[in-house]
Amino acid sequence: MNRHNQLVFVYNADSGLFNTMADIGHKLFSPATYACDLCAITHGLLSERAEWRRFIESLGAPCEFLHRDQFRARFPDVQAPLPAIFRECEGRLVLCADAPAIAACESLVDLQALILRYCLEER
């Protein structure tokens with residue numbers, strides 16, 4: 001991945017303190033119905049998993065993390081179901097891991113393999 005490319009991870013959750021508190025409550029009381037599979041795998045109840053942070057740092061590629069509302073404000077023409085992972089090159093997004101692929105991941109190891117396989121190479 002060259003220096004003009006980055007990975008863009010988009011959560012199926014909105015930004016802001018109120019939304020964060022609501023998400024924590026949802027994860028705590030009804031985790032099976034929580035709408036963001038990416039959040040569920042990469043974050044615990046209150047914070048990002050250390051293993052996930054180490055993986056992201058090991059990629060050697062710039063990564064950006066956006067909430068649903070931030071993503072839609074910045075890329076209003078992109079209508080992919082969320083969560084999703086994109087490769088961005090010079091402002092153009094290419095979907096590399098869609099919502100069903102992320103939902104199929106049963107563990108952080110599965111998600112890491114998905115990213116390594118489909119998101120880092122130019123396709």
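This report describes the fold, the nonpolar cores, one helix pair and the aromatic pairs of a predicted model.

**Overall fold**

The protein chain contains six helices and four strands. Read from the N terminus, its elements follow the order β-α-α-α-β-α-β-β-α-α. The protein chain has 123 residues, of which 40% count as buried. Among contacts in the protein chain with a separation of 6 or more, 61% are made by residues 24 or more positions apart.

**Nonpolar cores**

The largest nonpolar core holds 23 residues, and the members that touch the most other members are Phe9, Trp52, Ile85, Leu111 and Ile115. The elements in the table each supply at least two residues of this core.

| Element | Residues | Supplied to the largest core |
|---|---|---|
| Strand S1 | 5–10 | at least two residues |
| Helix H2 | 37–42 | at least two residues |
| Helix H3 | 50–58 | at least two residues |
| Strand S4 | 92–97 | at least two residues |
| Helix H6 | 108–118 | four residues, the most of any element |

The contacts of Ile115 illustrate how this core is joined. Leaving aside residues up to four places away in sequence, Ile115 touches Leu7, Phe9, Trp52, Phe55, Leu59, Ile85 and Leu120. A second core, separate from the largest one, has ten residues, including Val8, Leu66, Leu82 and Leu93.

**Packing of helices H3 and H6**

Helices H3 and H6 pack with their axes 11 Å apart and at an angle of about 15°. Because angles under 35 degrees count as roughly parallel, H3 is roughly parallel to H6. The crossing of the two helices H3 and H6 is right-handed. On the H3 side, the residues that meet H6 are Glu51, Trp52 and Phe55. Their counterparts in H6 are Leu108, Leu111, Gln112, Ile115 and Leu116.

**Aromatic pairs**

Across the whole structure, a search finds six aromatic pairs. In one of them, the ring centres of Phe71 and Phe86 lie 5.3 Å apart and the ring planes stand at 20°, so this pair is stacked. Phe71 belongs to helix H4 (residues 68–74) and Phe86 to strand S3 (residues 84–89); the pair therefore ties together parts that are 15 residues apart in sequence. Both Phe71 and Phe86 are buried.

A single aromatic cluster is formed by Phe9, Tyr11, Trp52, Phe55 and Phe65. Of these residues, Phe9 and Trp52 are also among the members of the largest core that touch the most other members, while Trp52 and Phe55 are among the H3 residues that meet H6.

Definitions and conventions. Residues numbered from 1 in each chain as written. Predicted model: local features only at pLDDT ≥ 70, side-chain atom pairs only at ≥ 80, totals over all residues. Heavy atoms only, no water. Phe/Tyr/Trp six-rings, centres within 6.5 Å; stacked < 30°, edge-to-face > 60°. Buried < 20%, exposed > 50% of the residue type's maximum accessible area, 1.4 Å probe, protein only. Core = buried A, V, L, I, M, F, W, Y, C linked by side-chain atoms within 4.5 Å. Contact = heavy atoms within 4.5 Å. Axes fitted to C-alpha atoms, helices over the stretch in contact; angles between N-to-C directions. Parallel < 35°, antiparallel > 145°, perpendicular 65-115°, else oblique. Left-handed = near helix turned anticlockwise from the far one by under 90°.
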